[in-house]
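Visitor: I am new to this structure. Could you walk me through it?

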Amino acid sequence: MDKILMTRAGYSALEAELKQLKSVERPAIIQAIAEARELGDLKENAEYHSAREKQGFIEGRIKDLEGALGLAEVIDPKTLSGAIKFGATVTVVDEDTDEEKTWQIVGEYEASVEKGLLNIKSPIARALIGKEEGDSVEVRTPGGAKSYEILSIAYK
């Protein structure tokens, strides 16, 4: 299987989430299921069905996180330089609106546009990869074509 790229911060966040699910969430849901069972008839027991559904979600997420952490290849952006690649923090300006944006290119498990963490598989990240400061990139997004000029590249 392919390695899953992630930063040290992303890896640590997934480890913390996995620990939380295993040590807090899983025992709590097991307790909730036991309490719901004590209420009697399981066919019409909404608490029981809700708890079982949540348990399924938790177990699925645990498997997903364990798989991702097992395939993780942690890359330290501080050791990189040059053209844009995984881990780069890129500041661009929208050539149409003059709005500046800063994103760090990260793996899919740690991506969060609200936090400025751009999935390496996203159209914008794919367009930026390999480019240098001063380059202009054209990106086809679901909202239409966008043009960005790369103002700076940093590896933090």
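What follows is a short tour of one helix and some charged pairs in this predicted model.

Visitor: How far apart are the end C-alpha atoms of helix α2?
Guide: Helix α2 covers residues 46-71, which makes 26 residues. At 1.5 Å a residue, α2 should span 38 Å. The model agrees with that expectation: the end C-alpha atoms of α2 are 38 Å apart.

Visitor: What do the buried residues of α2 pack against?
Guide: Start with the buried residues themselves. In α2 they are Y48, A51, Q55, I58, I62, L65, A68 and L69. They pack against one helix and two strands: α1 (8-37), β1 (4-6) and β2 (72-74).

Visitor: How many salt bridges does a search of the whole structure find?
Guide: Side chains of opposite charge can pair when their charged atoms come close. Here the cut-off is a side-chain nitrogen of Lys or Arg within 4 Å of a carboxyl oxygen of Asp or Glu. With the whole structure searched, the number of salt bridges is six.

Visitor: Which residue forms a salt bridge with R26?
Guide: The closest N and O atoms of this pair are 2.8 Å apart. The pair links distant parts of the chain, helix α1 and helix α2, 33 residues apart. R26 is partly exposed, at 25% relative accessible area, and its partner is partly exposed too, at 26%. That partner is E59.

Visitor: Is D94, the salt-bridge partner of K146, buried or exposed?
Guide: K146 and D94 have their closest N and O atoms 3.2 Å apart. The pair links distant parts of the chain: K146 sits in strand β7 (residues 144-154) and D94 in strand β3 (residues 89-94), 52 residues apart. K146 is partly exposed, at 29% relative accessibility. D94 has 1% relative accessibility, and under 20% counts as buried, so D94 is buried.

Visitor: How many residues apart in sequence are the parts that E108 and K121 tie together?
Guide: The side chains of E108 and K121 meet in a salt bridge, 3.0 Å from N to O. E108 lies in the loop between β4 (100-106) and β5 (117-119), while K121 lies in the loop between β5 and α3 (123-128). E108 is partly exposed, at 41% relative accessibility. The parts tied together by the pair are 13 residues apart in sequence.

Visitor: Which residues are linked in a network of salt bridges?
Guide: The bridges described so far were pairs. Here three residues are joined in a network of salt bridges. They are E17, R61 and D64.

Conventions. Residues numbered from 1 in each chain as written. Predicted model: local features only at pLDDT ≥ 70, side-chain atom pairs only at ≥ 80, totals over all residues. Heavy atoms only, no water. Helix = DSSP H or I, 4+ residues; strand = E, 2+ residues; numbered from the N terminus. Expected span 1.5 Å × (residues − 1). Buried < 20%, exposed > 50% of the residue type's maximum accessible area, 1.4 Å probe, protein only. Contact = heavy atoms within 4.5 Å.
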